[in-house]
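Student: I am new to this structure. Please take me through one part of it closely, strand by strand.

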Amino acid sequence: MNIEAIRKKYKKEWLLIAIDKMDKKRTVPLFGHILAHSPRRYEIDQRSMNYAKPALVVYSDDKFPKGYAAAF
Amino acid sequence: MPQHSNPILKEGVLSLYVQITGKRTFRIIKMALDTGASYTIIPIETAVAIGYNPALSKRHIEITTANGVVVAPIITVETLSCLGTEVKNIDVICHDLPVQSPVKGLLGLNFLVHFPPFKKFLKDIEQLQKT
């Protein structure tokens, strides 16, 4: 399944996705399948630490929550 | 949230997919391009997942966060790749960004100096300073 389609399907959740196809030239994951999803980041972090294969860990949305801004 | 005419910046942060490869495997996460960060910062989870134990690192650094100054471990990962640029044996700080952040890490200057568009940017700045 397309990575962006997976991100749209699981709104406001953290996702652990196994990567099936990548664009290595641009370092962009293109296709994958969902291994775990949760609104709680620590749950996905725990799953990721115990998964020994290549994967993508990403939030479904690129936006900060309403009222937040980045000041790194 | 500030309004930008450039669609890449519409979310208020420039986030990119970054591949971090270690001894065990690799992870891809979204990171914010941060020209104000000296080092690249990856989450502790990612360091562990790819085969490192940040708790055993002998190198540490003080970093200023929203919650004050914290001491964070530094590890050397095998490769860091972004937009097709790959840097081998690069130092990264292991530290978790706040949970409200949709990006998991920061792509700092120690990676960006290897990135061709940024190299050009640095050269242009150097030229401007000479004139």
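Tutor: What follows is a close look at strand S5 of chain B and its surroundings. This is a predicted model, in which local features need pLDDT of at least 70 and side-chain atom pairs count only at pLDDT 80 or more, while totals for chains, interfaces and linings use all residues. Residues are numbered from 1 along each chain as its sequence is written, and chains are lettered from A and ligands numbered from 1 in the order in which they are written.

Two terms come up at once. Strands (E, at least two residues) and helices (H or I, at least four) are DSSP runs, numbered from the N terminus. Two strands pair if DSSP finds at least two bridges between them.

Start with S5(B), residues 68-82. Strand S4(B), residues 60-65, runs antiparallel to S5(B), and six bridges join them. Between these two strands of a hairpin lie two residues. B:Thr64 faces B:Val69 of S5(B).

Next comes strand S6(B), residues 85-94. Eight bridges tie S6(B) to S5(B), again antiparallel. B:Ile75 has B:Val92 of S6(B) as its bridge partner. This hairpin also has two residues between its strands, and B:Leu83 takes a positive phi near 50° there.

S5(B) has another partner. Strand S1(B), residues 15-21, pairs with S5(B) in the antiparallel sense over three bridges. Here B:Gln19 stands opposite B:Ser81.

Now look at one residue of S5(B), B:Val71. B:Val71 counts as exposed because it has 9 C-beta neighbours inside 10 Å. The cut-offs are these: 20 or more other C-beta atoms within 10 Å make a residue buried, 12 or fewer make it exposed, and anything in between is partly exposed, with C-beta atoms placed from the backbone. B:His60 is 11 residues away in sequence, yet its C-alpha is 6.4 Å from that of B:Val71. Beyond neighbours within four places in sequence, B:Val71 contacts B:His60 and B:Glu62. A contact means C-beta atoms, placed from the backbone, within 7 Å.

Turn to B:Val18. Not counting residues up to four places away, B:Val18 touches several residues, including B:Leu80 and B:Cys82. B:Val18 and B:Leu107 touch the most other members of the largest nonpolar core, which has 44 residues. Strand S2(B), residues 26-33, gives this core its largest share, six residues. Such a core is a set of buried Ala, Val, Leu, Ile, Met, Phe, Trp, Tyr and Cys residues joined through C-beta atoms within 7 Å.

Note on methods:
Two residues are in contact if their C-beta atoms, placed from the backbone, lie within 7 Å.
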